[in-house]
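New notebook page, new structure. I want to look up its charged pairs and then one of its sheets.

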Amino acid sequence: MDKIANPAPGFQRNPDKIITIEPYVGTVTVRAGGTVIASSTKAKVLTEAPYPAAFYIPFADIDFGKLSATEHSTHCPYKGDASYWSVLLAGETGQNAMWAYERPFDEMTEIRDHGAFYASKVTVEATPA
């Protein structure tokens, strides 16, 4: 087995922690007002109790022209450091509405190059196939 080069300290401290990442079978669409910000049939669902499930959408399916990178960042001991983008069309509500782990810990590489959106800031619709 290959040695993990960038292991998550959270899993080292809490090996019983469960985070699942599965493909979403269907389409996930993100809108601000009536404008589509992202739409994908390749989204992934990340489940981590006690948080609500989050849809991670491939960067290729996100319209970065409607987003603006911010200086905000957060750290998760399981996933790594998150970068944030604001949804320009959503105004004040859209501040830091999308996050992504651009260099996640090894255990979470499936969400590299994927962004997730706060459903409280934009409309996230998941339509099963």
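Below are my entries, salt bridges to begin with and strands afterwards.

**Entry: what I'm looking at.** This is a predicted model, so I'm reading computed values here.

**Entry: salt bridges.** How many salt bridges does a search of the whole structure find? I get 4.

I looked up Lys17 and its partner Glu48: their closest N and O atoms sit 3.3 Å apart. I then checked where the two residues lie. Lys17 is in the loop between α1 (9-13) and β1 (20-23), and Glu48 is in the loop between β4 (44-47) and β5 (54-58), so this pair ties together parts that are 31 residues apart in sequence. Buried or exposed, these two, Lys17 and Glu48? Lys17 is buried, and Glu48 is buried as well.

Next I pulled up Glu125 with Arg31, a salt bridge with 2.4 Å between the closest N and O atoms. Here both partners lie in strands: Glu125 is in β10 (residues 123-128) and Arg31 in β2 (residues 26-32), so the pair ties together parts that are 94 residues apart in sequence. I looked up accessibility too. Glu125 has 34% relative accessibility and counts as partly exposed. Arg31 has a relative accessible area of 25%, so I noted Arg31 down as partly exposed.

Asp63 and Lys66 came after that; their side chains meet in a salt bridge at 2.4 Å, N to O. Asp63 is partly exposed at 29% relative accessibility, and Lys66 is partly exposed with a relative accessible area of 24%.

I also asked which residues are joined into one network by salt bridges that share partners. The answer is Lys17, Glu48 and Lys79.

**Entry: the sheet.** The strands β2 and β10 had already come up with Arg31 and Glu125, so I went to see how they are arranged. In what order do the 3 strands of the open sheet come? The order is β3-β2-β10, with antiparallel pairing. At the edges stand β3 (35-40) and β10, each with a single partner strand, which means one side of each is left without a neighbour in the sheet. From one strand to the next, the twist averages 20°.

A reminder to myself: strands of a sheet pair through backbone hydrogen bonds, either parallel or antiparallel.

Last, I looked at β2 and β3 by themselves. They pair in the antiparallel sense over 5 bridges. Which residue in β3 stands opposite Val28? I found Ser40 there.

Terms used. Residues are numbered from 1 along each chain as its sequence is written. This is a predicted model: local features need pLDDT of at least 70, side-chain atom pairs count only at pLDDT 80 or more; totals for chains, interfaces and linings use all residues. Side-chain values use heavy atoms; hydrogens and water are left out. Helices (H or I, at least four residues) and strands (E, at least two) are DSSP runs, numbered from the N terminus. Buried means under 20% relative accessible area, exposed over 50%, partly exposed in between (1.4 Å probe, protein chains only). Two strands pair if DSSP finds at least two bridges between them. Axes are lines fitted to C-alpha atoms, for helices over the stretch in contact, and angles run from 0 to 180 degrees between N-to-C directions.
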